[in-house]
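I opened this model to look up its cysteines, its charged pairs, its surface and its confidence values. My notes follow in the order in which I looked.

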Amino acid sequence: ALADQRVVAVSAGESHSLAITDGEGGGGEGRQLQTQQLQALQTNEREMAEREAGITSIQRAVNDVSEIFQDLALLVNEQGTQIDNIQTNIETAAASTTRGVRELVRADASQRRQRKRTCCLMMCVLVIILIIVLAIAIH
């Protein structure tokens with residue numbers, strides 16, 4: 001009876017089904033074997049579908065990680081540019097501070113000279129006024 005049985009695979013899109021026909025239409029032992037084989041085939045198909053879904057999930061995760069790394073590379077590049085700008089600003093500030101200190105030293109020296117000149121001028125004016133007052137007092 002088993003020799004007359006035929007296995008017919010029917011494909012409809014993604015799912016596969018197995019139809020087993022019996023040439024004679026009977027045989028309980030043969031039917032049990034066929035049922036076991038059909039169940040094993042369905043189990044295999046479920047496992048394959050689960051594996052395929054797992055692979056698809058992993059592929060999506062890898063794509064997400066790739067996007068994250070691309071975003072990270074972009075951020076690192078932008079931050080590198082910002083760090084370069086900060087470094088340039090620090091160097092400019094240091095140069096400006098050095099020039100400012102030199103200007104302050106010059107201004108301090110100039111003020112000291114100016115005070116000495118002012119004191120000398122005041123003494124001269126005071127001496128002239130004293131001479132005038134004495135000249136008027138003597139006359």
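**Cysteines**

I began with C119, which is exposed at a relative accessible area of 51%; exposed means over 50%, buried under 20%, and partly exposed in between, with a 1.4 Å probe and protein chains only. This is a predicted model, in which local features need pLDDT of at least 70 and side-chain atom pairs count only at pLDDT 80 or more, while totals for chains, interfaces and linings use all residues. Residues are numbered from 1 along each chain as its sequence is written, and side-chain values use heavy atoms, with hydrogens and water left out.

I then asked how many disulfides the structure holds, taking a disulfide as a pair of cysteine sulfur atoms within 2.5 Å. The count is zero. For C119 the closest cysteine sulfur belongs to C120 and lies 7.0 Å away, which is too far for a bond. C124 also has its closest cysteine sulfur in C120, at 6.7 Å, again too far for a bond. Unlike an exposed residue, C124 is classed as partly exposed, with a relative accessible area of 46%.

**Fold and surface**

Next I read off the secondary structure, where helices (H or I, at least four residues) and strands (E, at least two) are DSSP runs numbered from the N terminus. I found one helix and two strands, and along the sequence their order is β-β-α. The chain has 139 residues, of which 4% count as buried. Its exposed area is about 12,100 Å², with carbon and sulfur atoms supplying 61%; accessible areas come from the Shrake-Rupley method with a 1.4 Å probe, and for residues only the protein chains shown count as cover.

I also looked up a nonpolar surface patch, formed by V65, F69, L72, L75 and V76, whose accessible area together is about 470 Å². Patch members have over 30% relative accessible area and no salt bridge, like charges being joined within 9 Å and nonpolar side chains (Val, Leu, Ile, Met, Phe, Trp, Tyr) within 5 Å. V65 lies in helix α1 and is partly exposed, at 40% relative accessibility.

**Salt bridges**

For salt bridges I required a side-chain nitrogen of Lys or Arg within 4 Å of a carboxyl oxygen of Asp or Glu, and the count came to two. In one of them E103 meets R106, at 2.9 Å from N to O. Both residues lie in helix α1 (residues 28-138), three residues apart, or about one turn of the helix. E103 is partly exposed, with a relative accessible area of 44%.

In another, the side chains of D108 and R112 meet at 3.3 Å, N to O. D108 and R112 are four residues apart in helix α1, and so about one helical turn separates them. I noted D108 as partly exposed at 33% relative accessible area and R112 as partly exposed at 49%.

**Confidence**

Finally I checked pLDDT, the predictor's confidence in each residue, from 0 to 100. The chain mean is 84, and 81% of its residues reach 70 or more. Among the elements, α1 has the highest mean pLDDT (94) and strand β1 (residues 6-12) the lowest (43). Over residues 1-25 the pLDDT is below 50, and this stretch has 32 contacts in the model beyond near neighbours in sequence, a contact being heavy atoms within 4.5 Å.
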